[in-house]
Amino acid sequence: MTVSPKKTRAASKYRVVGTSPVKVDGPALVTGRAVFVDDVEPDGLLHAAVLRSPHAHARIKKIDASAAEALPGVKAVLTHKDVPRNIFTTAGQNYPEPSPYDSFVIDRKARFVGDVVAAVAAETEKIARQAVGLIKVEYEVLPPVLDPRLAQKKGAPVIHDEKEARVVLPIDYRPKQNLAGHVDVVIGDLNKAWRTADSVIEGEYSTPYASHCAIEPHITLSLLDPAGRLVIYASTQVPFHARRIVANALNLPVSRVRVIKLRTGGGFGGKQEVLIEQLCAALTLKTGRPVQLFFTREEVFTSSRTRHPQIINLKTGVKKNGNVTGIDLRILMNTGAYGAHALTVVSNSGSKILPLYRCDNIKFWADSVYTNLPVGGAYRGYGATQSSFAVGVQMDEQAHAIGMDPLKFHQRNHIREGETSPIFAALGEGTEGVEQSIGSSGLAECIKRGAKEIGWKSKRGRRGSGPVKRGVGMVILMQGSSIPYIDMAGATIKLNEDGSFNLMVGATDIGTGSDTILAQIAAEVLGVKTGDFIVYSSDTDLTPFDVGAYASSTTYLTGMAVLTAAEKVKGQILEVASEMLNKPVSSLELAGKKVSPRGKGAGKSVTLAEIANYSLYVKNQKQIIASASRTSEKSPPPFAAHFAEVEVDTRTGRIKVVKYVAAVDCGQPINTQQAEGQTEGAVVNGIGMSLFEEFRFSSTGKLLNSNFGFYKIPSARDLPELKTILVVTDEPTGPFGAKSVSEISINGPMPAISNAVFDAVGIRLRHAPFTPEKVLRALREKRG
Amino acid sequence: MNKTISIEINGKSSSFSVAPDEMLLDLLRRSGYRGAKVGCREGFCGACTVLLDGRPVNSCLIFAARADGRKITTIEGLGDPNNLHPIQDAFLKAGAVQCGYCIPGAVLSTKALLDRVPDPDEAVIKRALDGNLCRCTGYKKQIEAVKLAARKLKGKKK
Ligand code: FES
Ligand code: FES
């Protein structure tokens with residue numbers, strides 16, 4: 001349902017939802033008191049360091065750790081000989097995972113520069129690093145695959161030649177051909193699409209490797225508790241998946257592993273990966289001592305996870321009247337040395353953009369290939385970022401080709417409320433998808449209000465006369481909210497004797513604000529304030545299961561679990577109150593921290609504290625507590641329209657983003673300020689990807705820019721005038737009408753900026769990032 | 001050879017025994033000032049920012065011994081969770097905190113700025129925050145937080 005502006009005001013029917021209370025973890029964070037993994041220092045803590053492969057592809061023939069072991073202060077050295085040879089995927093996804101099992105704790109083969117060869121635990125980090133340097137390795141260097149286009153060539157080196165490599169879901173996996181995943185879908189008749197089109201455009205687009213750059217590097221601390229159980233303090237998006245994957249990798253029952261997520265210093269998908277926990281834990285098991293493994297920034301760049309690079313070939317057909325007759329989207333995705341999220345990211349490149357345009361004839365074809373380069377993974381946007389760029393630019397090209405204002409072109413073509421797309425059913429996460437129709441969309445409103453804010457009418461097509469040209473561009477976007485029939489979330493709420501509540505969730509606040517918005521949802525139901533909740537997230541011993549922070553699922557899915565648990569607790573509170581007041585439940589209402597009979601002057605009320613005390617100490621004693629868990633049947637897309645205004649200096653090739661407008665329909669925002677914050681962070685990350693973020697490699701596959709000096713991310717100075725517009729809609733299936741917000745806006749800057757540059761100087765930038773060199777080259781080519 | 005140095009941290013003088021190659025960040029963290037964070041150890045991210053004689057520095061790049069006889073302010077020297085410093089309050093109210101890992105550094109850079117320039121314009125604020133990388137917020141609300149903090153502090157002085 002779209003909420004008209006009038007009804008939007010009526011949406012303040014909510015007391016807590018839609019307001020912006022201070023984050024529940026805010027005071028601890030802003031005073032530096034919050035505890036991150038690096039802030040835990042148990043007695044006897046050892047520090048780990050990892051020996052990493054200098055070769056892109058090599059077999060370990062011999063490894064001699066004796067000198068390292070002899071170094072005073074060294075407590076353990078692990079090589080492939082010292083760890084269980086269990087194959088698993090590092091992708092923090094639901095079991096059975098749609099990513100291939102192709103990883104070991106330590107393998108006897110290195111598949112990229114930076115792959116794990118051995119690990120050391122020592123009394124200090126310095127000793128550990130010194131010991132790493134003393135390990136002697138004899139490598140059999142193998143020819144590498146460094147170009148995804150050559151990965152499937154006959155005779156190409158086979159990267160995963162281990163006999164254990166396999167998939168646990170029926171997905172197309174051909175390791176002998178370096179194919180980590182494949183998906184294709186045809187809907188309708190493409191030949192007819194091209195025949196009936198007035199304009200057919202074909203083009204190649206590409207996006208590079210990029211790093212998440214959470215400011216807290218990957219870190220883990222593991223130890224044995226007094227009962228000998230393995231406890232892992234993790235900076236993770238997926239504590240429950242981490243418990244399962246570590247247990248499997250190290251031959252432990254799940255009951256012997258406890259994962260505690262502390263404050264996590266950013267994730268963006270990079271910590272939806274169980275990458276270091278098993279290695280650190282193996283060192284703890286070997287030494288019996290607490291061990292910390294803390295990646296250097298260089299290791300984060302080279303050896304954690306990245307955004308999968310894609311080469312996209314796109315063909316579209318459009319009629320003069322603007323109708324889209326066909327879309328043929330072909331993607332070659334480079335998953336790097338391991339197949340983490342190899343299939344699902346590229347599936348999302350189809351499923352999170354193709355339904356956006358009304359079109360009957362669609363072909364989607366994608367290969368995800370292994371190379372001997374860094375490993376792809378989940379990254380905010382999850383495949384939609386790459387394909388939204390290609391599709392967003394080509395639709396602009398089409399509008400130009402038929403002489404239609406892109407604004408009008410998008411207005412007539414986007415999917416509407418009540419409509420569906422065959423893509424929803426055809427494309428899922430390693431399996432088929434789930435049919436759904438759009439229950440809420442504010443996209444039309446996003447386009448309208450965004451265009452007004454950027455000044456589309458007055459600015460479009462006014463380049464200016466000097467060497468610095470101006471232009472505006474736009475794009476429309478969608479994402480999802482959770483993975484239907486796969487994701488699951490749980491919540492527990494408990495009443496305390498002063499009328500406060502504990503809210504325990506397995507959902508992981510990694511800076512996204514979920515602890516706060518989940519408390520807001522519960523507060524709305526229970527008639528109290530956000531601050532009345534003591535939120536605890538997440539600990540595999542103490543909180544209910546949750547898949548974790550990914551797939552834009554927390555607000556929508558965990559939100560529903562919290563809402564359901566809160567309603568159950570409310571029911572219990574009313575029952576106790578009914579006993580205390582001797583009035584039927586139906587005549588009572590819960591508001592303002594007390595239960596009162598409905599209607600003015602209807603009699604005496606009891607406070608939550610009195611209710612809690614009564615139930616704990618007085619009569620029919622019991623703990624007021626409830627748990628609930630939820631799955632979803634849908635993945636309602638949030639929608640957005642983004643607009644960029646740029647300046648292009650035709651002398652230097654420099655692009656400056658002057659103004660950026662993100663108009664977003666995330667349903668009913670639970671916390672308005674944080675929904676804006678998610679949007680702003682995503683946009684600025686997207687601007688970095690548009691203008692300068694990319695990995696550069698040597699001819700032997702070594703990453704050349706593995707620090708913030710050479711891999712620049714946006715700093716305060718790069719911020720343009722940035723305006724977020726939240727268009728409120730009411731998603732019928734979401735908690736208080738909410739949909740997701742955290743991912744969608746990272747998909748906008750690349751296409752919006754590219755399209756704005758076209759408006760400014762008439763060049764098409766199809767390969768991100770848009771460096772001055774590329775701009776100058778394109779300007780030269782255009783001049784001829 | 002370890003050396004004994006004396007530093008005034010958050011108004012309190014203490015002496016420390018430090019190795020010649022020990023970094024100020026490590027000394028601070030092992031001495032309980034854990035609000036200074038490790039983000040890169042290369043001087044690029046600003047997560048380790050503290051104030052040395054009132055000026056923001058990347059403590060990961062400074063030898064601890066160089067702080068001998070000088071004054072340091074860490075995030076622990078501003079407010080505490082029950083009694084926030086106006087800058088910290090402004091960061092929260094403006095929604096400028098997401099994961100919080102960059103925040104101690106950004107708050108301290110803000111303090112150094114507002115101690116010198118009580119009424120900074122946007123360009124000056126951006127320059128002051130430029131050394132504190134934040135991947136979460138996109139900086140917009142952090143800049144608003146600095147403006148809000150400036151107003152709060154000015155109001156206080158009157
Ligand atoms: S840790 Fe000091 S600048 Fe990054
Ligand atoms: S709030 Fe996460 S890095 Fe700034």
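**Exercise 1. Work out how strand β20 of chain A pairs with β21 and what packs on their sheet.**

Step 1. Start with the two strands: β20 (residues 488–495) and β21 (residues 501–505) of chain A run antiparallel to each other, over 5 bridges. Strands here are DSSP runs of E, at least two residues long, while helices are runs of H or I with at least four residues, and both are numbered from the N terminus. Two strands pair if DSSP finds at least two bridges between them. Keep in mind that this is a predicted model, where local features need pLDDT of at least 70, side-chain atom pairs count only at pLDDT 80 or more, and totals for chains, interfaces and linings use all residues. Side-chain values use heavy atoms, without hydrogens and water, residues are numbered from 1 along each chain as its sequence is written, and chains are lettered from A and ligands numbered from 1 in the order in which they are written.

Step 2. Pick out one bridge: Ile493(A) has Leu503(A) of β21(A) as its bridge partner.

Step 3. Now add the helices. Helix α15 (residues 514–526) of chain A packs on the sheet and touches β20, β21 and β22 of chain A (contact means heavy atoms within 4.5 Å). Its direction makes about 140° with that of β22(A); axes are lines fitted to C-alpha atoms, for helices over the stretch in contact, and angles run from 0 to 180 degrees between N-to-C directions. Helix α16 (residues 554–581) of chain A also packs on the sheet, touching β20, β21 and β26 of chain A, with about 150° between its direction and that of β26(A).

Step 4. Lay out the whole sheet: it is open, has 4 strands in the order β22-β21-β20-β26 (chain A), and its pairing is mixed. β22 (533–536) and β26 (625–631) of chain A are the edge strands, each with a single partner strand, so one side of each has no neighbour in the sheet. On average, neighbouring strands are turned by 20° against each other, direction ignored.

**Exercise 2. Place Asp532(A) and list what it touches.**

Step 1. Asp532(A) sits in the loop between α15 and β22 of chain A.

Step 2. Its relative accessibility is 14%, so Asp532(A) counts as buried. The cut-offs are under 20% relative accessible area for buried, over 50% for exposed, and partly exposed in between (1.4 Å probe, protein chains only).

Step 3. Leaving out residues up to four places away in sequence, Asp532(A) touches Ser500(A), Phe501(A) and Lys593(A). Ser500(A) is 32 residues from Asp532(A) in sequence, yet their C-alpha atoms are 5.0 Å apart.

**Exercise 3. Find the salt bridges that cross between the chains through Asp38(A) and Lys37(B).**

Step 1. The structure holds 57 salt bridges over all chains (a side-chain nitrogen of Lys or Arg within 4 Å of a carboxyl oxygen of Asp or Glu).

Step 2. Asp38(A) bridges to Arg29(B), with the closest N and O atoms 3.1 Å apart. This pair crosses from the loop between α2 (26–30) and β1 (46–52) of chain A to helix α1 (residues 24–30) of chain B. Asp38(A) is buried at 12% relative accessibility, and Arg29(B) is buried at 5%.

Step 3. Lys37(B) pairs with Asp39(A), the closest N and O atoms being 2.6 Å apart. Here the crossing goes from the loop between α1 and β3 (49–52) of chain B to the loop between α2 and β1 of chain A. Both Lys37(B) and Asp39(A) are buried.

**Exercise 4. Describe the surroundings of β3(B).**

Step 1. Check the faces: Thr49(B) and Leu51(B) lie on one side, Val50(B) and Leu52(B) on the other, and all are buried, leaving both faces covered.

Step 2. Go to β4 (residues 55–58) of chain B, which pairs with β3(B) in the antiparallel sense over 4 bridges. Pro56(B) in β4(B) is the bridge partner of Leu51(B). The hairpin has 2 residues between the strands, and Asp53(B) takes a positive phi near 50°.

Step 3. Finish with β5 (residues 71–73) of chain B, antiparallel to β3(B) over 2 bridges. Leu52(B) stands opposite Ile72(B) in β5(B).
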